[in-house]
Amino acid sequence: MRSAYSVETVRAAERELMARLPEGALMQRAAAGLAAACAQVLGRTAGRVYGSRVVLLVGSGDNGGDALYAGARLAKRGAGVTAVLTAPEKAHSGGLAALRRAGGREATTAEALASRLIDAADLVVDGIVGIGGHGGLRGSAAPLAERAAAAGAAVIAVDLPSGVEADTGEVRGPAVRADLTVTFGTHKAALLIDPAREHAGAVRLVDIGLDPWLPERPELEALQHADVARLLPRPGAESDKYRRGVVGIAAGSTRYPGAAVLAVAGALRGGAGAVRYAGPAGDAVLARYPETLVSDGGPRRAGRVQAWVVGPGAGDDADTVAEVLDVAGEADVPVLIDADGLRLADPDVVRSRTAPTLLTPHAGEAAALLGVDRAEVESARLAAARELAERYRATVLLKGATTLVAAPSGRDGTAPVRVNPTGTPWLATAGSGDVLSGLAGSLLASGLSARDAGSVGAYLHGLAARRGAVGAPLAAQDIASAVPDAWRDIASGS
Ligand SMILES: NC(=O)C1=CN([C@@H]2O[C@H](COP(=O)(O)OP(=O)(O)OC[C@H]3O[C@@H](n4cnc5c(N)ncnc54)[C@H](O)[C@@H]3O)[C@@H](O)[C@H]2O)[C@@H](O)CC1
Ligand SMILES: [K+]
């Protein structure tokens, strides 16, 4: 599991740890990890550390201190290191002294911008601002970041790419774009959630001994292979198709029969023992998937299921959405609501449900439910997912480059929001969401909680797209077809 903690929590843990260590020890741990990462990158870009050209962008806080101490370590190994001080009078004094002792140089922002210093660098280290920052880069920091981006040197961000919001992943103004971010103690939300995540590049976590002081429950977590492997449903020796769970799919319309076929395609690969289809696209479904149990009497007459999926390709069929909510309410089984179903479902009915509900909007659908612009959802994904989960008292899977799964708060607080690490741009293809709804619905039917079904579904879905795409576009059906490969990879730990 990869966990991310809030700035407030990180600071509290750091205080506990620092109280037990000699002064400055923590910053030395951070600087040592940072210098090691810099040396590795220099090995690739400049051949070696000795004789390489390193530029440190140094702000006025401890983030700059980390950069200065790391720079001193590199200077001792023969790198030519210049620190560009955005606020010379406020730069970390111990770090600056260490850099000077090691033979490093200093420049003001104006000098750096007027010369070719940054353009000629092999490596730029961004120590402008870390967890102490708010808002986009201010003052002379913004043109420095721009120059670094244009220079084409490798950029390593210290703790966070400067200018992003640590706790939310928002980017509200100019921000550094890094190739690698070396972060300390724990991940922060900005390193996992877009748009900030995109600015971070690859992320390396340096252990500074913070773990014992961090609370058990993080703000955010990203499942890894081993976590998903533990959650994947496995049939026992005694299982028959009904015990494995039956998922009901109420999707598609005469206008959009394909959505039904794709949702069924996903559902057949999600671990349920059987898939029932209730809707007007039964012939299309059977033609492609003869193993489906098709009924043409609507959801009420479809027979028992352990979870329902409703909404993909539903068009304006509000009656079916209402019927599924009715039937699922009577049987007290989980419901996944996707696509058109999100717009058609009665919010009061959704809120008053007692069995789990999983809503799976993309940014546009989430925006419509929240009554805001799509851009607002895309720029503040975490807040949007949390807000929807509370408003609907339902688990919300907000699709996107970094898909989020947020559960509503319960008696013992709010479970960490899950962020899916397997997303890929290849997923942005028509019908991809229909496959996900079937897949996650099938996981719900096989007994996973809404939060687990959503996050395992998104994980498998992303991995399947990566497996299936391998450098070429893929269609939604290919994603469904690649799910068993993804499942095998996870189950076998490969
Ligand atoms: N606290 C600790 O124990 C440790 C902290 N470490 C480092 O210390 C950092 C936190 O240090 P600080 O609390 O001093 O804070 P930062 O160094 O992150 O930033 C604070 C400074 O940045 C300026 N600033 C804020 N927003 C800005 C913006 N948008 N544009 C330009 N300047 C801006 C502020 O005026 C302030 O002077 C961490 O991110 C990490 O790099 C590490 O050394 C590990 C140990
Ligand atoms: K930084």
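## Helix α3 and the strands beside it

In this predicted model, helix α3 covers residues 62-76, and because each residue should add 1.5 Å, the 15 residues should span 21 Å, in agreement with the 21 Å that separates the end C-alpha atoms of the helix. The helix is mostly covered, with 14 of its 15 residues buried. Just after α3, Gly78 takes a positive phi of about 100°.

Strand β2, residues 53-58, is likewise mostly covered, since 5 of its 6 residues are buried under the criterion of 20 or more other C-beta atoms within 10 Å. Over 6 bridges β2 pairs in the parallel sense with strand β3, residues 80-85, and within this pairing Leu56 stands opposite Ala83 of β3. The chain passes from β2 through α3 to β3, and the β-α-β crossover made in this way is right-handed. Strand β2 is also joined to strand β5, residues 123-127, by 5 bridges, and these two strands run parallel; here Val55 stands opposite Val124 in β5.

## The annotated N-terminal region and its binding site

An unreviewed UniProt entry lists residues 10-216 under "domain: YjeF N-terminal". Over residues 10-216 the chain of the model is 37% helix and 17% strand, and the end C-alpha atoms of this stretch are 13 Å apart.

The unreviewed UniProt entry also places the feature "binding site" at Asn63, Asp126 and Ser162. Although these positions are spread over 100 residues of sequence, they cluster in space, with a largest C-alpha distance of 9.5 Å. Asn63 is placed in helix α3, and it counts as buried because 26 C-beta neighbours lie inside 10 Å. When residues up to four places away in sequence are not counted, Asn63 touches Gly127, Ile128, Val129, Gly130, Gly132, Val158 and Asp159.

Asp126 lies in strand β5 and is buried, because 33 other C-beta atoms are found within 10 Å. With its neighbours within four places in sequence left aside, the contacts of Asp126 include Ser162, which is itself one of the positions annotated in the UniProt record. Also in contact with Asp126 are, among others, Leu57, Val155, Ile156, Ala157 and Val158.

## Ala112 in helix α5

Ala112 lies in helix α5, residues 109-114, and it counts as buried because it has 23 C-beta neighbours inside 10 Å. Apart from residues up to four places away in sequence, Ala112 touches Val84, Ala107, Leu117, Ile118 and Leu144. Ala112 and Val456 are separated by 344 residues in sequence and by 48 Å in space, taken from C-alpha to C-alpha.

## The open sheet of 11 strands

An open sheet of 11 strands, with mixed pairing, follows the order β1-β9-β18-β17-β16-β15-β14-β13-β10-β11-β12. Its edge strands are β1 (2-4) and β12 (293-295), each of which pairs on one side only. Neighbouring strands of this sheet are turned against each other by 20° on average, direction ignored.

Strands of a sheet pair through backbone hydrogen bonds, either parallel or antiparallel. Strand β17, residues 404-406, and strand β18, residues 417-419, pair in the antiparallel sense over 2 bridges, and Val405 stands opposite Arg418 in β18. Helix α16, residues 381-392, packs on the sheet, where it touches β15 (357-360), β16 (395-398), β17 and β18, and its direction makes about 150° with that of β16.

## Helix α11 on the sheet

Helix α11 covers residues 318-331, and because each residue should add 1.5 Å, its 14 residues should span 20 Å, a value that agrees with the 20 Å between its end C-alpha atoms. The buried residues of α11 are Thr320, Val321, Val324, Leu325, Val327 and Ala328. An α-helix has 3.6 residues a turn, so residues three or four places apart point the same way.

The buried residues of α11 pack against β10 (246-250), β13 (307-310) and β14 (335-338), and also against α12 (340-344) and α13 (347-351). As a whole, α11 packs on the sheet, touching β10, β13 and β14, and its direction makes about 170° with that of β13. Just after α11, Asp332 takes a positive phi of about 55°.

Technical notes. Residues are numbered from 1 along each chain as its sequence is written. Chains are lettered from A and ligands numbered from 1 in the order in which they are written. This is a predicted model: local features need pLDDT of at least 70, side-chain atom pairs count only at pLDDT 80 or more; totals for chains, interfaces and linings use all residues. Helices (H or I, at least four residues) and strands (E, at least two) are DSSP runs, numbered from the N terminus. The expected span of a helix is 1.5 Å times one less than its number of residues. A residue is buried if 20 or more other C-beta atoms lie within 10 Å of its own, exposed if 12 or fewer, and partly exposed in between; C-beta atoms are placed from the backbone. Two residues are in contact if their C-beta atoms, placed from the backbone, lie within 7 Å. Two strands pair if DSSP finds at least two bridges between them. A crossover is right-handed if, with the strands pointing away from the viewer, the path from the first strand over the helix to the second runs clockwise. UniProt positions are given in the numbering used here, feature names are shortened, and annotations may be inferred rather than shown by experiment. Axes are lines fitted to C-alpha atoms, for helices over the stretch in contact, and angles run from 0 to 180 degrees between N-to-C directions.
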